[in-house]
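User: I'd like to go through this model and ask what lies behind the labels. Can you show it first?

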Amino acid sequence: MSTLALVARNLWGKKSRSIGLALAIAFAVMTVVALTVVGSGLESSATAVMHIGEANFVLSQKGVSDILNSTIDKPTLKKIDSTPGVASAVGVLVETEKINAANPVFIEVGIAPSDLAPFGVKILAGHSYSADATNQVMLGYTAAQNFGLHVGDKFRANGAVNTVTGIVSTSSSFGNDAAFFPLPALQGYNRVPGIVTLIFVKVDHGVPVSKVMHRITYAQPELMALRTAAQFGQADLTLVFVKAAATGSAILAVVIGAIIIGNTMLLSLFERTREFGMLLSVGWSRKRIVGLIMGEGFFLAIVGTAAGLALAVIVVLLLTQLPQLLGVLHAHFTASAFITGFATALAMTFLGTLYPAVRAAMRSPMDALGHE
Amino acid sequence: MAEAYQVDERGAGLAVEVVGLTKVYSDGNVRALDGVDLQVAEREFVAVTGPSGCGKSTLLHLLAALDTPTSGTVRIFGADLGRMKNLAKYRREEVGLVFQFHNLLPQLTSLENVEIAMVRHEHGAPSHKEKAAQLLELVELAHAADRKPAQLSGGERQRVAIARALANDPRLLLADEPTGSLDSASVKVVVALLTRLREQTGTTIVMVTHDDSVAAVTDRVIHMRDGRILDA
């Protein structure tokens, strides 16, 4: 009989305990994976704004809790535009608005018509709004489909009835699900005249992007340049807190899980002392006994991981349907989230079973056989 | 390790050679064995008897390398247990152990309980399953191969434990009160089995018992009292 078969039989022989341990692992894995997915989902939603525009990098105000709270004034935008090496600097105002229950955090982008092309917005139907129009809007094609609107229809937003002048597409799915307004109009609706949220910068051909980024942030220390999603995640304090909470929860889950597993395994192995005495007496090495117990832990880790991942998927999908998170949280299941979950389960079971396993294996066969 | 098992000149033909074996338990007050000298020839069937606490089980445990002596030497087929580094290998390959309480794993069948003691499978040898089945046949329990310990009588469990002890073809079988917890009918079956085993396989058997009728079937009876052998 192989050790693996014995592992399975031992766990099957104590079904309730095995299920309890696997559930403890599953809940820890679920917590870690769900928090990781929520963190990366929120980051993905936030960074999506960055990807709407086709730029080499994005500039935002430094030290804001939420990147969408960034405010950059018109003079600063002009300075950026005139910086050597900058081909174009498109200032956009990004706001969110609750349109209806299904769209509680709808993205609205204020941008000048002349900047639409550099920004990567392609008009699929109709035409652009005019620069100073107050009741005109263009919809991303996904948003248009969702609202059932066409060119010429009316779209109620920002407390006004806006005529849909065009249907557009962008390189980002979030852009396709957004509305585009003339910049002054959206600034007016939100009472932030002359303010933009982000500046999308394209550099001249052949000029190193990092050099331009450094030049701008050196001259404008109140700004930060973001090139990757990771940089975006570090800049947005809310995301930093979410990620810190996820990391803290993961560590806590591992520690609490390891204590639960260790405690249960100690009790279980205490009851099996005679069994280990018998195995030692028939010639099992101490290493093989440690392997048997660790194998049981590993088996539980695999089962717990599978159950935990399934639970995490269910929990995250339920979270995305919560009214408070609808449209904000997009389930972003990544391989790294699943790997983190499995690593958590392994770490928990390794820490939880190592001491009980070594303790069981190091007993003298005589003591173990005499155990009542 | 193979060299270590070679019988040297002094111990040629001896399965067990014990010299000045003493065991004092850690608190220092209990002298379980007190300078025991003993020799058991290969293929011999020996019974060790004596009152409770006389040291007979302690002697057996020291022969099985389950415990270490305070002083003295134990040679098994010429190899000094005190000098052996891998006692697990010795227990696995040289001796078979039968206890008063069978110590079978309740979650495993009879066949699996025998298999669990087997060493790594060698090419050309029968599979573990086949060999375990043969051993169960030897102890006349082929019909109970798929039964778990809870479904067996006391005597049947002890026969499974004997089959497990024979899993790796040991040259020495050590039995600690193998009939101690059995009814008289089962005692007869187990004793007959051990006798037959010695005849069929030539295994050397050292059996601890307090039952004179059981001891009577062996080649030689060793009496112990107060940690000493009275006659050998």
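**Labels and their cut-offs**

Analyst: Over all chains, a search of the whole structure turns up 16 salt bridges. This is a predicted model, so to speak of local features we need pLDDT of at least 70, and side-chain atom pairs count only at pLDDT 80 or more, while totals for chains, interfaces and linings use all residues. Residues are numbered from 1 along each chain as its sequence is written, chains are lettered from A and ligands numbered from 1 in the order in which they are written, and side-chain values use heavy atoms, with hydrogens and water left out.

User: What makes B:E94 and B:R171 a salt bridge?

Analyst: The term asks for a side-chain nitrogen of Lys or Arg within 4 Å of a carboxyl oxygen of Asp or Glu. B:E94 and B:R171 have N to O at 3.2 Å, so the pair fits that rule. The partners sit 77 residues apart, B:E94 in the loop between α2 (87-93) and β6 (95-98), and B:R171 in the loop between α5 (154-165) and β7 (172-176) of chain B. Helices here are DSSP runs of H or I with at least four residues, and strands are runs of E with at least two, numbered from the N terminus.

User: Is B:E94 buried or exposed, and how do you know?

Analyst: Buried means under 20% relative accessible area, exposed means over 50%, and partly exposed is in between (1.4 Å probe, protein chains only). B:E94 has 8%, so it's buried. Its partner B:R171 is at 32%, so that one counts as partly exposed.

User: Which helices hold B:K129 and B:E115?

Analyst: These two also meet in a salt bridge, at 3.6 Å from N to O. B:K129 is in helix α4 (residues 128-138) and B:E115 in helix α3 (residues 110-115) of chain B, 14 residues apart. B:E115 comes out at 4%, so it counts as buried. Over in chain A, salt bridges that share partners join A:K14, A:R17 and A:E271 into one network.

User: Why is A:T197 called buried?

Analyst: Its relative accessible area is 1%, so it lands in the buried class. A:T197 lies in the loop between β10 (195-196) and β11 of chain A. Leaving out residues up to four places away in sequence, A:T197 touches several residues, among them A:L59, A:I67 and A:V92; contact means heavy atoms within 4.5 Å.

User: How do you know that the buried residues of α8(A) line one face?

Analyst: In α8 (residues 209-219) of chain A, the buried residues are A:V209, A:V212, A:M213 and A:I216. Seen down the helix axis, they fall within an arc of 100 degrees, so they line one face. That arc is taken over directions from the helix axis to the C-beta atoms. The face turned away carries the exposed A:H214, A:Y218 and A:A219. Cover for the buried side includes β1 (57-61) and α3 (74-81) of chain A.

User: What is unusual about phi of B:D169?

Analyst: Phi is near 50 degrees, a positive value in a residue other than glycine. Most residues other than glycine have a negative phi. B:D169 sits in the loop between α5 and β7 of chain B and counts as exposed, at 53% relative accessibility.

User: And which residue of chain B in the loop between β9 (220-225) and β10 (228-231) is placed there?

Analyst: That's B:D226, where phi is again near 50 degrees and positive. At 61% relative accessibility, B:D226 counts as exposed.
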